[in-house]
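Dear colleague,

Please find the structure below, handed over for your consideration. My findings follow it.

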Amino acid sequence: MRKAVAVSLVVLFVLAVPAVASAGDRDVIREGPCSGRSDWKLKLSPEDGRIEVEFEVDQNVVGDEWRVRIRHDGEIAFRGTRTTRGASGSFELRIVEPNNAGADNFRARARNLSTDEVCAGSASF
């Protein structure tokens with residue numbers, strides 16, 4: 001019985017390690033609440049000498065349009081609209097930016113065009 005429990009624990013540990021490692025040791029993740037009931041997440045990851053930027057807003061309402069802006073060191077990296085979709089009523093935006101010398105500062109902001117709710121966050125890589 002003890003041997004079976006020990007084997008089960010080892011198997012669980014081995015299966016859990018890749019899930020944790022896949023998040024990436026160098027990833028920077030920030031998240032928080034918006035001005036209403038939505039939540040945002042900003043994730044920065046290394047990608048072939050550049051920086052992958054992912055910005056997600058989870059609203060739990062399908063079909064709302066959001067105006068989105070991402071700034072990289074003060075300059076506009078993305079400006080456009082996204083619509084919440086899927087069962088979660090969220091949108092995700094992904095861009096890849098150059099990795100400048102020193103710290104790279106990102107600011108993401110989204111405004112719901114029907115409710116005026118605002119989501120804003122920042123992170124540095």
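The notes below cover the conventions, a sheet and a nonpolar core.

The model is predicted: local features need pLDDT of at least 70, side-chain atom pairs count only at pLDDT 80 or more, and totals for chains, interfaces and linings use all residues. Residues are numbered from 1 along each chain as its sequence is written, and side-chain values use heavy atoms, with hydrogens and water left out.

An open sheet is formed by 4 strands (DSSP runs of E, at least two residues, numbered from the N terminus). Their order is 1-2-3-6 and their pairing (at least two DSSP bridges between two strands) is antiparallel. Strand 1 (28-33) and strand 6 (90-98) are the edge strands, each pairing on one side only. Strand 1 and strand 2 (residues 39-47) share 6 bridges and form a hairpin with 5 residues between them. Leu42 in strand 2 is the bridge partner of Arg30, while Lys43 in strand 2 is that of Ile29.

The largest nonpolar core (buried Ala, Val, Leu, Ile, Met, Phe, Trp, Tyr and Cys residues joined through side-chain atoms within 4.5 Å; buried means under 20% relative accessible area with a 1.4 Å probe, protein chains only) has 22 residues. Those with the most contacts inside this core include Leu44, Phe55 and Ile70. Strand 3 (50-58) is among the elements giving two or more residues to the core, and strand 3 gives the most, with 4 residues. Leaving aside neighbours within four places in sequence, Phe55 is in contact (heavy atoms within 4.5 Å) with residues including Trp40, Val68, Phe91 and Cys119.

Yours sincerely

Terms used: Buried < 20%, exposed > 50% of the residue type's maximum accessible area, 1.4 Å probe, protein only.
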